[in-house]
Amino acid sequence: MAVLRPASTEEVSEAVKICAEHGVAIVPQGGNTNVCGMTLASRDAVILNLSRMNQIIEVDREGGTITVEAGATMQAVQEAATEAGLLFAPDWGARGSAQVGGAVATNGGGLNVIGYGTTREQVMGLEAVLADGRIWNGMRHHIKDNSGYDLKQLLIGSEGTLGIITRLVFRLHPAPSHRISMMAVLTSTDRLMDALALARQTAGDQLVAFELMNGLGVELALERYPDLKRPFETRADWYVLIQLAGGPTVTEAMEQIFSDGFEQEIFSDGVLANSIAQERNLWEIREQLIPIQYFDCPFAKWDVSVPVSRIMEYLHRARDIASDVDPELVCYAVGHVGDGNIHYNIFLQGRSEAEAERIIPELIRRIDDLIAEMGGSITAEHGVGTAYIERVRRLKSGVEYELMLKLRELFDPNGILNPGKLLPRKG
Ligand SMILES: Cc1cc2nc3c(=O)[nH]c(=O)nc-3n(C[C@H](O)[C@H](O)[C@H](O)COP(=O)(O)OP(=O)(O)OC[C@H]3O[C@@H](n4cnc5c(N)ncnc54)[C@H](O)[C@@H]3O)c2cc1C
């Protein structure tokens, strides 16, 4: 296996031409932070790592765009936008390592999709090297272009299977002058949608994040990371974390949500972050809810999307299935409920590998079917990679799957780009 580290689009193109000529598979690699086995490489493949292509090329303040190389980290792009008084919206825990090329190739979601949309919504133009080494320059800086199929949309979320993204133009947003967060205890899970409706009605488009946090995860995070501070004394099964961003009125709007939430008995305890440090503490608790660090046992996972109004129904029905399979299983949910996305894990604590081999396939089949029946997705923002490949194949309609296979055939007839990810290996 070789690792190539090109420094320019032309070098990527040259490398791909050589690989294409010799039928060598290429695995594009950004920050390697994906959670779906997307950058696994077989011994005879070449890893093409984009980290040397990390330049911020231009910030256009008036036009509200930033032009960058694909290997720049999300954090570097966020900082460049902030310096110009603007906001680069994509944001999640891996910001320091994940590259914007990787974020686009996976169409990452993250913490503020409810406010700004997914990474897809931020891309105005892109450049990519195709499977035969040709360079496609789609570096558009304008919003409107109905001159044909919008090819960049195919590259977004393609997980390195249709082309190697080398440069990008992103839309930037006005930087909010004020930002405020609150964390509150839900009186009952049945009030989750009331909490979301209250936040939406009160804050409108100032609502940028609405997260659900489970009590077990909060306790585990506070125990593991002593620097985190317990926000309030009440210990509960479910909390919500809400963020508003915009002008000075956000404080008033958040106070309104806070007091109405108590009055309407949606919240039973909570805290409004009054300082940057307090707000940072709340979001660090949220970012430490990634469960893999706390459980050392077999598990099944989903990155569920269902219609927002049916999230609680999903959580109840998935738990019922888990209890039916084995009453001792630990269900763990955390996520961006404001946009209908929940990261859902079921841990098989105390179960042997042999038991796991029996239990996990049953859980996966039954909960995948539940999500399909609810019109949702089993992988809302993390993508397919190798982790969900067979499960997605089982659930997609024949028509949709056939079109996906044909698209890959069109872009990469010899199947050299990231083979065996998103779609089954050719041949
Ligand atoms: C702590 C943590 C929190 C996370 N939170 C979120 C979250 O909230 N929301 C979310 O959506 N994801 C989240 N992720 C997952 C991950 O950060 C994203 O999938 C990210 O977009 C991957 O970027 P990367 O640069 O690390 O790409 P990699 O992991 O290196 O690659 C991911 C895929 O993109 C392809 N690829 C990478 N660069 C290019 C390129 N230039 N051209 C073409 N293909 C390319 C690769 O071949 C691979 O298929 C999280 C991960 C961690 C570790």
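Mentor: Before we start, a ground rule for rings: Phe, Tyr and Trp rings pair if their centres lie within 6.5 Å, with planes over 60 degrees apart counting as edge-to-face. Also keep in mind that this is a predicted model.

Trainee: Okay, by this rule, what does the count of aromatic pairs come to?

Mentor: Each candidate has to pass the cut-off on centres, within 6.5 Å. Going by that rule, the number of aromatic pairs is 10.

Trainee: Take Phe88 and Phe170: is that pair stacked or edge-to-face?

Mentor: Their ring centres are 4.9 Å apart and the planes sit at 65°. Planes over 60 degrees apart fall in one class, so the Phe88 and Phe170 pair is edge-to-face.

Trainee: How many residues apart in sequence are the parts this pair ties together?

Mentor: Phe88 is in the loop between β6 (86–87) and α3 (100–105), while Phe170 belongs to strand β9 (residues 164–171). The pair therefore ties together parts whose separation in sequence, in residues, is 82.

Trainee: Is Phe88 buried or exposed?

Mentor: Buried means under 20% relative accessible area. Phe88 has 4% relative accessibility, so it counts as buried.

Trainee: Which cluster do ring pairs make with Phe295 in it?

Mentor: Start with Phe295 and Tyr332, whose centres are 6.0 Å apart with planes at 80°, so they are edge-to-face. Phe295 sits in the loop between α9 (276–287) and β15 (299–305), and Tyr332 in strand β16 (residues 330–334). Ring pairs join up the cluster of Phe295, Phe299, Tyr332 and Phe347.

Trainee: Switching to the open sheet of 4 strands, which are its edge strands?

Mentor: The order is β12-β13-β11-β14, with antiparallel pairing. An edge strand pairs on one side only, and that picks out β12 (207–214) and β14 (267–272).

Trainee: And in β13, what is the bridge partner of Leu212?

Mentor: β12 pairs with β13 (residues 238–246) in the antiparallel sense, over 7 bridges. In β13, the residue bridged to Leu212 is Val240.

Trainee: Which helix lies across β11, β12, β13 and β14?

Mentor: The helix covers residues 192–203 and runs at about 160° to β12. That's α6.

Trainee: Last one: where does the largest nonpolar core lie, and why?

Mentor: That core has 64 residues, and Ile242 is among those with the most contacts inside it. Leaving aside neighbours within four places in sequence, Ile242 touches residues including Ile180, Ala199, Leu207 and Phe267. Residues come from both domain 2 (178–287) and domain 3 (294–373), so the core lies between domain 2 and domain 3.

Notes: Residues numbered from 1 in each chain as written. Predicted model: local features only at pLDDT ≥ 70, side-chain atom pairs only at ≥ 80, totals over all residues. Heavy atoms only, no water. Pairing = 2+ DSSP bridges. Helix = DSSP H or I, 4+ residues; strand = E, 2+ residues; numbered from the N terminus. Contact = heavy atoms within 4.5 Å. Axes fitted to C-alpha atoms, helices over the stretch in contact; angles between N-to-C directions. Core = buried A, V, L, I, M, F, W, Y, C linked by side-chain atoms within 4.5 Å. Buried < 20%, exposed > 50% of the residue type's maximum accessible area, 1.4 Å probe, protein only. Domains from an automatic or database assignment. Phe/Tyr/Trp six-rings, centres within 6.5 Å; stacked < 30°, edge-to-face > 60°.
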